[in-house]
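Hi everyone, thanks for coming. I'd like to walk you through one structure today, so let me put it on the screen.

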Amino acid sequence: MSSAAPIPNFPECDHRLVQSLHHLSDRELVQLFQRHGEAGRYFTAIFCRYSPMVYSLIRHSARSPVQAEYLFALTWRHILHELGGVNCPEVVAGEGPTAFTLQNWLINITALCINQAVVPEVEAIHYSLDQATPPFWCYVEQALDRLAPVERLVAVMALTFRWSDNRIAAYLQAEGESLTAADVRHRLGLAFQHLEAALPDDIRQIYLDGGALRPEPLPDDLDGLLTVPDLESSGLGDAALVGTAGDFGSEWAN
């Protein structure tokens, strides 16, 4: 069992878009999240409000800080997937202690993840909160899922496997794609443009500070984001499926 550890600081919690939502109730945040699927600020605000609680529960259950961070990210990804179906009933006068609260729901989801997630050994984990906090990780993963298969494959090969343009072109040619190294470089540039376009506008403001994703130089946070065990352990034939929303794959016990 791990000893007590300080709660990480998440810079997005100080961003003006998140700060502007502090006055809203949990119910209002959930309802806004459900009504505005194109926005990322509401999920980010919920993350900022409850990340200390979720992190504390996970940190006390994980064997190491590295595994705790990875499970923390997986838990928030699961929360994002499930939050759309949460029913937050209106407050009723005289509600008892068994009435629904978002905090209790999050505690239950966190407990589920702690008990069912299969966390890799430390040496197999490359995720770090310093490189990409869970909301940004979640929304980039969703954006990756929206890319065309070839663009997603090129991006994963270049950023995760660190293959050169020539090596990627050779592999794709062997698979029946007539792409040159120059074509690969062009596709990689398009992949970054489309990845950026697929991100919610407010997520770009919060995490990219109005900047743009570029294939070179590679942003440190995006590099770390893509270098996660479930990508590295997958075969190249599976690489085109990276980022499929809702699929926890081998991270969850049967």
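Let's begin with a small puzzle: leaving aside its neighbours within four places in sequence, which residues is H15 in contact with? While you look for them, please keep in mind that this is a predicted model. Found them? H15 touches Q205 and I206, once those sequence neighbours are set aside. You'll find H15 itself in the segment before α1, the helix that covers 16–19. Its relative accessible area is 17%, and under 20% counts as buried, so H15 is a buried residue.

Now let's step back to the whole chain. The protein has 12 helices and 0 strands, so reading along the sequence you meet one α after another. Of its 254 residues, 49% count as buried. And if you take the contacts between residues at least 6 apart in sequence, 76% of them join residues at least 24 apart.

The helix I'd like to spend time on is α4, residues 65–83. How does its length compare with what we'd expect? With 19 residues at 1.5 Å a residue, α4 should span 27 Å, and its end C-alpha atoms are 26 Å apart, which agrees. Of those 19 residues, 15 are buried, so α4 is largely enclosed by the rest of the structure.

So who are its neighbours? Take α3 to start with, residues 41–59. The axes of α3 and α4 are 10 Å apart, and the two helices pack at an angle of about 135°. That angle is therefore an oblique one, and the crossing is right-handed. If you want to find the contact on screen, the α3 side includes F43, F47, Y50 and V54, and the α4 side includes P65, A68, F72 and W76. By class, the residues of this contact divide into 15 nonpolar, 2 polar and 1 charged.

On to α5, residues 102–116. Here the axes of α4 and α5 come within 10 Å and cross at roughly 125°. That makes this pair oblique as well, and α4 passes α5 in a right-handed crossing. From α4, the residues that meet α5 are L71, T75, H78, I79, E82 and L83. Facing them in α5 are L102, W105, L106, I109, T110, L112, C113 and I114. This contact has 10 nonpolar, 3 polar and 1 charged residues.

Let me zoom in on one residue of α4, namely A68. Is A68 buried or exposed? Its relative accessibility is 0%, so A68 counts as buried. Apart from neighbours within four places in sequence, A68 is in contact with I58, R59 and A62. There is also a pairing from farther along the chain to look at: A68 and V119 are 51 residues apart in sequence, and their C-alpha atoms are separated by 9.0 Å.

One last stop, and that's α7, residues 149–159. Of its 11 residues, 10 are buried, so α7 is largely enclosed by the rest of the structure. The buried ones run from V150 through E151, R152, L153, V154, A155, V156, M157 and A158 to L159. You'll notice that E151 and R152 are on that buried list too, and these two count as charged residues.

That's my tour. I'm happy to go back to any of these views if you'd like another look.

Note on methods. Residues are numbered from 1 along each chain as its sequence is written. This is a predicted model: local features need pLDDT of at least 70, side-chain atom pairs count only at pLDDT 80 or more; totals for chains, interfaces and linings use all residues. Side-chain values use heavy atoms; hydrogens and water are left out. Buried means under 20% relative accessible area, exposed over 50%, partly exposed in between (1.4 Å probe, protein chains only). Helices (H or I, at least four residues) and strands (E, at least two) are DSSP runs, numbered from the N terminus. Axes are lines fitted to C-alpha atoms, for helices over the stretch in contact, and angles run from 0 to 180 degrees between N-to-C directions. Angles under 35 degrees count as roughly parallel, over 145 as roughly antiparallel, 65 to 115 as roughly perpendicular and the rest as oblique. A crossing is left-handed if the near helix is turned anticlockwise from the far one by less than a right angle, and right-handed if clockwise. Contact means heavy atoms within 4.5 Å. The expected span of a helix is 1.5 Å times one less than its number of residues.
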